[in-house]
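Subject: Structure handover

Dear colleague,

Here is the structure we talked about passing on. Please look through it alongside the notes underneath.

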Amino acid sequence: MLSLAAWRPAALGAQAVAPVRSVDGRVVLPAGAGVRGVAGAWVVLHRVGRDVAGPLDSMRSRADGGYGFRYRPEGDTTAVYFVSTTRAGVAYFTPPMREPVVRGGTAELLVYDTTSAPIPITVRGRHVIVTSPDSVSGATRTVIEVYELSNDSSLTRVARDSAGATFEAPLPPGVRAVTGGQGDVSADAIVASDGRVRVTAPIAPGPKQFSFFYELPANADPIALRVESAVPAVEVLVEDPRGRANGAGLIEVTPVEVEGRPFKRFLAQDVGAGAEFTVIAPGRSAATGGLRLMLVVTAVGAAMLLGLGMAFMRGGPSAFARRRPADPESLALEVAALDAEFEQLASPTEQQRAEHYVSRAQLKGRLSAALAKRDELG
């Protein structure tokens, strides 16, 4: 069993003693219409704070899959506590635990068996954001793409080997470089080759979202894109007053603003496999100022999560649909609070970044399911 004393800084001992907290939950695996407990799973209690971050305690799950931890919050009052486990090399996490007593659904760790078989990963929404040419040379522009995926099975899909992928999609001609962005998939697990973007990370049951961005020559006009498999919703945002999106049933709707930047907006519903569309963005004669790309990516990611594509999101398998019910407003606040806490870290370590990523991904998955349930789309 791991001990907090092994890594507790001296400064933690000087503060008032906080009340003991508790978390009691189960590690469960889908079984028919319900779940069954997983015995012997290694369960770890984590703490992530500005002062220290790391495992706080650990244990094996009981015969019924149950586990329980007692811990005392110390040090940074904004520290986040959560529990994790792994199955077949894939990690699963609870959301951050903010209450002094956590039990039941919030503490449930729903795990899945894995498969490298080609189980379908459905595209529920696709969003393309075409920005103005960069403000330095004006020679290139950035395009951001956001995919909403759904694994509607009860198995986590994993890559067949180190060169395999769990999901892939076509890129437009002329892409110079691809960089992973915000979402439920680590940027390191998004790669590009031979005109395609590939996800190498496991995809667990339920909804997932990932994004990436790339550069194209500013004079690449039109930008040609293809829909490889049928999708309920396609959205295109163009940061150009003369921009247009044609094909695949796209129609222009009310424009939007992202980080104060105006975008023309085009939407299409029930787009068939093999459909093609083009984006015409002539560019502006003068630079539009610093592009603060990551802010745009972050803002777009948040908008997409709550936007049109999510309105078409269907629930995953019955086991996923029954996870930790909560209202969307509270979950959105949890995401915002988690981000605010992370932003207070002056120099986050790689481990802190990883802990933040998985906690945020878990919350966003719950938010997606809650939105679908609230709108009676599950």
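The notes below go through confidence, overall make-up, cores, aromatic residues, sheets and two backbone angles.

Confidence

Please keep in mind that this is a predicted model. The average pLDDT of the protein is 77, and 70% of the residues score at least 70. Among the elements, strand S5 (residues 66-71) has the highest mean pLDDT, at 97, and helix H3 (residues 318-321) has the lowest, at 29. At the start of the chain, residues 1-14 have a pLDDT below 50, and this stretch has 19 contacts in the model beyond near neighbours in sequence. A further stretch, residues 301-325, stays under 50 in pLDDT; the model gives these residues 77 contacts beyond four places in sequence.

Overall make-up

The protein has 378 residues, of which 53% are buried. Its secondary structure comes to five helices and 24 strands. Of the contacts with a separation of 6 or more, 77% are between residues 24 or more positions apart.

Cores

The largest nonpolar core contains 37 residues. Phe167, Phe210, Val236, Phe277 and Val279 have the most contacts inside this core. Leaving aside residues up to four places away in sequence, Val236 touches Val128, Ala245, Leu250, Lys264, Arg265, Phe266, Phe277 and Val279. A second core, separate from the largest, has 27 residues, including Tyr71, Val90, Tyr92 and Met97.

Aromatic residues

Over the whole structure, a search finds ten aromatic pairs. One of them is a tilted pair of Tyr92 and Tyr112, with 6.1 Å from centre to centre and 50° between the planes. The two residues are 20 apart along the chain: Tyr92 is in strand S7 (residues 90-93), and Tyr112 is in the loop between strand S9 (109-110) and strand S10 (113-115). Both Tyr92 and Tyr112 are buried. Elsewhere, a single aromatic cluster is formed by Tyr147, Phe167, Phe210, Phe212 and Tyr214. Two members of this cluster, Phe167 and Phe210, are also among the residues with the most contacts inside the largest core.

Sheets

Strand S7, which holds Tyr92, belongs to an open sheet of four strands with antiparallel pairing, in the order S4-S3-S6-S7. Strand S4 (53-60) and S7 are the edge strands, each pairing on one side only. On average, neighbouring strands of this sheet are turned by 30° against each other, direction ignored. Within the sheet, strand S3 (residues 42-48) and strand S6 (residues 80-87) run antiparallel and are joined by six bridges. Here Leu45 stands opposite Val83 in S6.

Another open sheet has three strands in the order S19-S24-S21, again with antiparallel pairing. Strand S19 (223-226) and strand S21 (244-246) each have a single partner strand, so each has one side without a neighbour in the sheet. The average turn between neighbouring strands of this sheet is 20°, direction ignored. S21 pairs with strand S24 (residues 276-280) over three bridges in the antiparallel sense. Val279 in S24 is the bridge partner of Ala245, and both residues appear in the list of those that Val236 touches.

Strand S16 (residues 190-193) and strand S17 (residues 196-199) pair in the antiparallel sense over four bridges. Val191 stands opposite Arg198 in S17. The two strands, S16 and S17, form a hairpin with two residues between them.

Backbone angles

Which residue in the turn of that hairpin has a positive phi? It is Asp194, with a phi of about 55°, although Asp194 is not a glycine. Most residues other than glycine have a negative phi. Asp194 counts as exposed because its relative accessibility is 74%, and the cut-off for exposed is over 50%.

Ala248 is also not a glycine and has a positive phi of about 60°. Ala248 lies in the loop between S21 and strand S22 (251-258). Is this residue buried, exposed or partly exposed? With 21% relative accessibility, Ala248 counts as partly exposed, since buried means under 20%.

Regards

Technical notes. Residues are numbered from 1 along each chain as its sequence is written. This is a predicted model: local features need pLDDT of at least 70, side-chain atom pairs count only at pLDDT 80 or more; totals for chains, interfaces and linings use all residues. Side-chain values use heavy atoms; hydrogens and water are left out. pLDDT is the predictor's confidence in each residue, from 0 to 100. Contact means heavy atoms within 4.5 Å. A nonpolar core is a set of buried Ala, Val, Leu, Ile, Met, Phe, Trp, Tyr and Cys residues joined through side-chain atoms within 4.5 Å. Buried means under 20% relative accessible area, exposed over 50%, partly exposed in between (1.4 Å probe, protein chains only). Rings of Phe, Tyr and Trp (its six-membered ring) pair if their centres lie within 6.5 Å; planes under 30 degrees apart count as stacked, over 60 as edge-to-face and the rest as tilted. Two strands pair if DSSP finds at least two bridges between them. Axes are lines fitted to C-alpha atoms, for helices over the stretch in contact, and angles run from 0 to 180 degrees between N-to-C directions.
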